[in-house]
Amino acid sequence: MSEENIVKINEVITHYFNTNTSIDWIPAKAIMPALIEAGVFNKDEKKGLPIRKVFRKLDLESQLDKIPAVHAERSSDNVYWYLVRSGKKYAPKELRSPITKKEQKLLNIQNSDEYYLVNLCDELLKQKASRKHTFDTLVGNLHKRGKGRTKLPLDAYYEDLKLVLEFFEKNEATDELDEKEQARKAQIKYYDELKKKAILKKKLRLIAINYAVFECNDANKLIRNTENDTLVLKDILKDFI
């Protein structure tokens, strides 16, 4: 990016804020139409990619101050670019999560009731389960395009004990569910039957554990009284302890 174009970018940004007096900051992509009109870029790509490339290059060269209005909102895996009126500060409408989507997904799994119960089972059985274990022969229906099938995961598999644990929720009245939910419930029931047949064929023991046997709150989430939950599981797993 030439110095001449840097000057043009600053002029376009200044003109934008002088014209839109009620706006203190904008996402960088919002300035692209004005930059194209000014001849800085020929066209837009991927919602502001051309201007983002300029910011990234200046950032790498420690020259981001050449465009004073730029504000870089940095996360652990990305940078979000904004333009801020001179004398004002960028104030996000929504706070961004300080962790990545991948990290958040892992946290959600680790905070789940299933993860908590399998941890207790690991302690009682003195073994670590293979979580979301799959077998090559245990697969779901063909995908919509007619190609490929997804392996059906088992909640917890203890290979040495030849034991599979599956957790399920108490049944809901199907007449209260809409058509989409009923179809989902029917699919879950169908896949549960496939799992049972596959487990039986491999001569494994299946124990299905209903969340309802534990203390739950009004939202049907476990209260997590570890002492009581351990006693319940101890009775369920008595043949393997």
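**Close-up views of cores, sheet, cysteines and aromatic pairs**

Tyr 16, with a relative accessibility of 19%, counts as buried. This residue and the others shown below belong to a predicted model.

**View 1. The edge-to-face ring pair of Tyr 16 and Phe 17.** Tyr 16 and Phe 17 form an aromatic pair with 5.5 Å from centre to centre and 85° between the planes, an edge-to-face arrangement. Phe 17 is buried, its relative accessible area being 5%. Over the whole structure, the search finds eight aromatic pairs. A pair of this kind is described by the distance of the ring centres and the angle of the planes.

**View 2. The aromatic cluster of Trp 25, Tyr 82 and Tyr 90.** Ring pairs link these three residues, Trp 25, Tyr 82 and Tyr 90, into a cluster. Within the cluster, Trp 25 and Tyr 82 form an edge-to-face pair, with 5.4 Å between the centres and 85° between the planes. Trp 25 belongs to strand β1 and Tyr 82 to strand β3, so this pair ties together parts that lie 57 residues apart in sequence. Tyr 82 counts as buried, at 7% relative accessibility.

**View 3. The open sheet of three strands and helix α3.** The strand order is β1-β3-β2, and the pairing is antiparallel. β1 (25–27) and β2 stand at the edges with a single partner strand each, so each has one side without a neighbour in the sheet. From one strand to the next, the twist averages 35°. Three bridges join the antiparallel strands β1 and β3. Ile 26 has Leu 83 in β3 as its bridge partner. Helix α3 packs on the sheet, where it touches β2 and β3, and its direction makes about 100° with that of β3.

**View 4. The largest nonpolar core.** This core has 24 residues, and those that touch the most other members are Leu 35, Ile 51, Phe 55, Ile 67 and Leu 83. At least two core residues are supplied by each of α1 (3–19), α2 (32–37), α3 (49–60), β2 (70–74) and β3 (79–84). Helix α1 provides the largest share, six residues. In soluble globular proteins, nonpolar side chains tend to be buried together.

**View 5. The surroundings of Phe 55, and a second core.** Which residues are in contact with Phe 55, leaving aside its neighbours within four places in sequence? They are Ala 28, Leu 64, Ile 67, Val 70, Trp 81 and Leu 83. A second core, separate from the largest one, has 21 residues, including Leu 117, Val 118, Ala 129 and Tyr 211.

**View 6. Cys 121 and Cys 216, with no disulfide between them.** The sulfur of Cys 121 has its closest cysteine sulfur in Cys 216, at 15 Å, which is too far for a bond. A disulfide requires the two sulfur atoms to lie within 2.5 Å. By this rule the disulfide count is zero. Cys 216 is likewise in no disulfide, the nearest cysteine sulfur being that of Cys 121, 15 Å away. Are the two cysteines buried or exposed? Cys 121 counts as buried, at 0% relative accessibility, whereas Cys 216 is partly exposed, with a relative accessible area of 28%.

Notes
Residues are numbered from 1 along each chain as its sequence is written. This is a predicted model: local features need pLDDT of at least 70, side-chain atom pairs count only at pLDDT 80 or more; totals for chains, interfaces and linings use all residues. Side-chain values use heavy atoms; hydrogens and water are left out. A nonpolar core is a set of buried Ala, Val, Leu, Ile, Met, Phe, Trp, Tyr and Cys residues joined through side-chain atoms within 4.5 Å. Buried means under 20% relative accessible area, exposed over 50%, partly exposed in between (1.4 Å probe, protein chains only). Helices (H or I, at least four residues) and strands (E, at least two) are DSSP runs, numbered from the N terminus. Contact means heavy atoms within 4.5 Å. Two strands pair if DSSP finds at least two bridges between them. Axes are lines fitted to C-alpha atoms, for helices over the stretch in contact, and angles run from 0 to 180 degrees between N-to-C directions. Rings of Phe, Tyr and Trp (its six-membered ring) pair if their centres lie within 6.5 Å; planes under 30 degrees apart count as stacked, over 60 as edge-to-face and the rest as tilted.
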